[in-house]
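Some of the words used for a model rest on cut-offs, and it is worth asking how each one is earned. The questions below take up several such words in turn.

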Amino acid sequence: MATSFVRNIAAGLRSLLQRDRAGRELEEELRGFMEMATEESVRKGISQKEASRQVRLERGSVDAARELVRSSGWESRLEAIWRDLRYSLRALRRAPGFTAIAVLTLALGIGATTAVFGIVDAVLLRPLPFPHPEQLIAVREQNARFTDLSVAYPNYLDWAAQNKSFAALSVYHGAGGLLTHAGTPVDLYGQIASASYFDVLGVKPELGRTFLPAEDDRGASDVIVLSDSLWRERFGASPQLLGRTIEFSARPYTVVGVMPPGFPGILPAKDAPKFWVPIGPELARDPDLLHRDRHSGFNGLGRLRPGVTLEMARADLNRIARSLARAYPKTNTGAGVAMQTYMQRIVGDTSTTLWILLAAVGLVLLIACANVANLVLTRANGQQRMLAIRTALGATRAQLLGERMIECFCLGCGGAGLGLGLAWAAMRLVADAMPDAGLTRGDQLALDWRVLAFAAGAALVTTLLFGLGPAWHASAKRFGDVLKQSGRDAASGHAAGRLRAALVATEMALAVILLVGAGLLIRSMLRLEQVDPGFDSHHLLTFEIDLPTAKYPQPEQRQAYMRQALDRLGTIPGVTAVGGIYPLPFGGNDWEAPFTIVGRPAPRPGSEPSTNFANVQGDFIRALGMHLLRGRGFDASDRAGSTPVAIVDESFARQYWAGPDPLAAALGQQIMAHRITWTIVGVVRRVMDFDLDPAAAVAAGTSEAAMPETFVPMSQSGADGYSVITLRMAQADPLAIASAARTQIDTGDPDQPIDDLQTMDQRIAGSLDGRRMMLNLMAGFAALALILAAIGIYGVISYSVTQRTHEIGVRMALGARSQSVLGLVLGQGMRLAAVGAFAGLLAAMALGRLAAAFLYSVKSTDPVTLAAVPLLLFGVAGLACYLPARRATRVDPLIALRGD
Amino acid sequence: MAEKPGEVVQGTLDMLVLKTVALQPTHGYGIAVRIEQMSQGVFRVNAGSLFVAIQRLQRAGLIRSEWKDTENSRRAKYYILTELGRKRLKSDQRQWGRQAAAIARILEAS
């Protein structure tokens with residue numbers, strides 16, 4: 001019954017807290033009992049003394065009764081645990097060396113694991129900062145050729161109108177803008193969004209309003225919503241800003257709202273969008289967006305109706321897509337919908353990486369556990385006599401086990417507490433490095449309840465792992481042998497020795513697994529760094545220029561600006577070539593478009609071939625260090641109004657023209673794309689545009705493997721307002737002329753900022769940042785594992801030498817030389833390492849398959865790595881065993897033989 | 001059953017204590033004496049088991065206690081049956097009766 005349970009608890013607590021009073025009352029009652037019994041006997045005629053003796057015999061003594069009653073309450077168990085706790089702490093204090101090493105080892109293991117879990121928690125587990133985030137769905141398009149395509153605006157309108165699954169549907173895409181109001185001009189990143197975007201996310205503005213549905217229409221005026229950080233930093237958090245106009249991208253925008261701090265809270269703060277503008281004015285400025293075949297970067301985001309699942313919504317939108325395909329066969333054939341939860345879209349591929357890292361650091365924790373288990377075993381050996389005496393005096397196995405476990409629990413708590421501190425410090429450090437690794441929400445690492453619970457759970461599990469085995473072993477009833485022994489453990493030593501050896505071999509195996517993983521990643525990275533991107537990336541300075549169309553409305557103005565800018569930049573001493581290109585290789589963007597070859601039968605709608613377009617200007621071939629294979633580059637005669645020309649890469653030529661010389665065959669041919677007919681005048685060598693590893697581009701869904709490239713002059717394609725300027729230097733460090741470049745741009749227009757100034761080498765290295773982070777962490781874990789394993793084997797061999805002092809003394813007395821003793825000890829250690837290495841290699845080969853996606857041009861069973869790792873292990877193990885081995889050779893046979 | 005002749009099994013002792021207290025509120029020694037008397041010497045209760053049983057019954061809310069003076073002007077803790085205890089005693093008695101009858105039937109079967 002619940003009440004009796006409560007009464008039980010209450011009584012126990014009362015007894016605990018008022019120990020003295022409860023004890024006195026019981027004592028009084030028991031004494032009364034005994035006295036009354038004695039009186040009765042006396043009344044019957046027995047003497048007082050005899051009566052007391054009889055009573056004690058028949059009824060039990062006061063002390064025994066008191067103990068019985070006290071121990072029958074649940075609170076006595078608690079008291080016993082509390083006593084054991086205090087005793088354990090005292091015992092640990094008396095062995096500071098053991099305690100310090102054990103706690104530190106545990107802290108390292110638990111701390112590292114908790115830190116990695118903190119990252120996993122921030123990026124993968126923590127719910128998105130929106131109401132009911134599980135209802136948020138990211139929607140993109142897909143067709144026969146691409147699994148991940150941005151949304152065409154007219155398609156979105158039809159989905160929004162005809163769907164039955166979404167409470168609200170919206171589109172948005174990233175945009176840049178130039179803020180010139182009140183201060184130095186600065187390029188900002190923000191978003192163009194439909195009015196429903198904020199409804200979908202469910203966030204109200206901090207000030208003012210978000211967009212009205214009317215602002216999705218073409219006639220809408222330019223309004224802008226600011227982020228909280230922009231409002232504070234640039235506008236002093238002034239509430240009067242609402243309703244005022246600011247100059248943005250050379251146009252007047254009316255500020256209508258400010259979003260709350262932290263919105264949207266997905267990207268790290270420095271990459272987060274700072275402003276939002278409605279779709280309507282964009283549609284007016286770029287009517288091409290209303291074409292169904294224009295996939296220019298829109299992302300769809302919707303909120304499901306309650307009770308609707310992802311599958312139902314997918315089926316619903318696919319149904320609409322099919323009816324659109326029937327209605328618009330030219331543009332929508334084969335077009336479908338690609339849907340995933342918003343969380344999945346944000347997290348992307350990082351989940352696999354993070355779980356692998358968590359598993360890796362878990363191995364480090366296991367190694368730390370094994371080390372501490374060995375320490376506990378060693379310590380327990382020293383306590384054999386004490387335990388044996390206690391067993392002889394009546395302690396049960398359960399009692400001894402409990403005491404040992406409480407001691408381990410104290411160690412575990414100490415390790416967890418210190419580990420939590422280490423984890424917190426590590427997360428601080430990592431949070432700074434994270435945004436560069438491209439991990440979303442990586443700057444929001446915090447010790448929230450999930451992380452704390454994980455640390456507590458890890459501490460509990462590790463305590464059980466390192467404590468239970470040795471405690472079980474130590475509490476076994478073998479006291480007969482031990483009491484007879486003269487202090488050295490013999491029979492009991494064998495089982496313990498085997499356990500120790502097994503633990504060390506396991507540590508070695510786990511360390512090997514991590515070392516192989518790190519080794520494979522290192523080899524992949526080295527191979528990647530040597531990949532030829534198809535152009536000369538050294539000595540190349542790059543920066544972006546984005547001309548506001550309000551300031552330069554006419555193409556002639558933009559082209560004139562660019563021409564003059566390039567000319568001026570060419571005058572900088574040391575510059576050998578100047579060009580411009582968009583999208584830049586390794587710029588993280590691409591711009592694919594379908595095309596047809598003039599003179600060939602038109603392909604079926606929906607299966608047109610695509611090519612990646614790049615708009616270029618100036619001497620781009622020389623500036624980028626590309627190789628012209630046939631034909632010519634662009635020159636001054638290729639400008640607006642003259643015949644549109646294009647340069648294709650060799651894969652384009654080989655793919656579409658046959659014969660002995662496809663490159664030459666391509667020259668003079670014509671292709672049609674973006675509603676323009678281009679004549680091919682040159683063929684260049686293929687250039688890598690996204691990642692050094694082509695598989696990465698395919699995995700990102702942004703391109704098929706080896707999509708061919710087409711280069712067209714900016715003046716002819718009309719995309720002439722945005723360019724990444726590239727300056728080639730003869731020899732020197734490109735950054736040396738950065739300020740000179742800025743000066744030249746300022747000369748043309750002091751209000752025009754340049755953005756994202758980097759050398760090309762920096763950009764390429766940046767594309768490897770994610771891999772590099774994983775590599776650094778894996779290598780770190782592997783190194784930690786190796787150090788812990790080395791400490792482990794040192795400890796075991798060292799202890800073994802101490803135990804075998806007598807035996808070594810005998811050997812030396814019988815004539816063994818130092819060499820052979822050295823060999824004996826080293827051999828023992830190397831055997832352990834060998835067993836561990838063998839097991840580890842087998843495990844690594846089995847697990848290697850899982851990591852194949854992270855490797856580049858390296859097999860998961862790469863022989864070089866599989867050979868190098870054991871060698872490294874033997875080297876380190878040998879070093880760790882050398883000191884005890886040398887100690888063994890110094891054993892004085894006389895002292896050793898004299899005995900204990 | 002009992003380990004030593006004369007000792008009472010735990011669950012049964014609870015029932016006997018309840019019955020004793022039901023007849024008349026008494027202190028610990030009084031309960032022991034009464035059980036001995038009523039069982040005509042078959043059961044001798046030792047102090048430890050008795051007071052463990054009393055603590056159990058008290059914590060379950062079946063009896064409550066009061067410090068009072070005895071006839072000899074000695075202070076003792078008197079135990080009184082609660083309503084809950086009364087109900088429990090009735091059900092325990094019923095159950096015991098059923099069990100005893102069943103055992104008797106088995107033992108007398110030929």
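Helices and strands are DSSP runs numbered from the N terminus, a helix having at least four residues and a strand at least two. The model discussed here is predicted.

Q: Where in chain A does Ser249(A) lie?
A: Ser249(A) lies in the loop between strands β6 (245-248) and β7 (251-258) of chain A.

Q: Why is Ser249(A) called buried or exposed?
A: A residue counts as buried under 20% relative accessible area and as exposed over 50%. Ser249(A) has a relative accessibility of 12%, and therefore counts as buried.

Q: What is Ser249(A) in contact with, leaving aside its neighbours within four places in sequence?
A: With contact taken as heavy atoms within 4.5 Å, the partners of Ser249(A) are Gly176(A), Gly177(A), Leu178(A), Pro548(A) and Ala550(A).

Q: What makes Asp92(B) buried?
A: The relative accessible area of Asp92(B) is 18%, and the cut-off for buried is under 20%, so Asp92(B) is assigned to the buried class. This residue lies in helix α4 of chain B, and its C-alpha atom is separated by 9.1 Å from that of Thr12(B), although the two residues are 80 apart along the chain.

Q: How do you know whether chain A is spread out or a compact globule?
A: Chain A, which contains 32 helices and 22 strands, has a radius of gyration of 38 Å, whereas the globule rule gives 29 Å for 900 residues; the value is well over the rule, so chain A is more spread out than a compact globule. Its C-alpha atoms fill a box of roughly 135 × 80 × 55 Å along the principal axes, and buried residues make up 50% of the 900 residues. Of the contacts in chain A between residues at least 6 apart in sequence, 81% join residues at least 24 apart.

Q: What is the pLDDT of chain B, and where is it below 50?
A: The mean pLDDT of chain B is 86, with 91% of its residues reaching 70 or more. Among the elements of chain B, helix α1 (residues 10-23) has the lowest mean, 88, and helix α4 (residues 83-108) the highest, 91. Over residues 1-5 of chain B, however, the pLDDT is below 50, and beyond near neighbours in sequence this stretch has three contacts in the model. Where pLDDT is low, predicted coordinates should not be read in detail.

Key
Residues numbered from 1 in each chain as written. Chains lettered and ligands numbered in written order. Predicted model: local features only at pLDDT ≥ 70, side-chain atom pairs only at ≥ 80, totals over all residues. Heavy atoms only, no water. Rg over C-alpha atoms; globule rule 2.2 N^0.38 Å. Buried < 20%, exposed > 50% of the residue type's maximum accessible area, 1.4 Å probe, protein only. pLDDT = per-residue confidence, 0-100.
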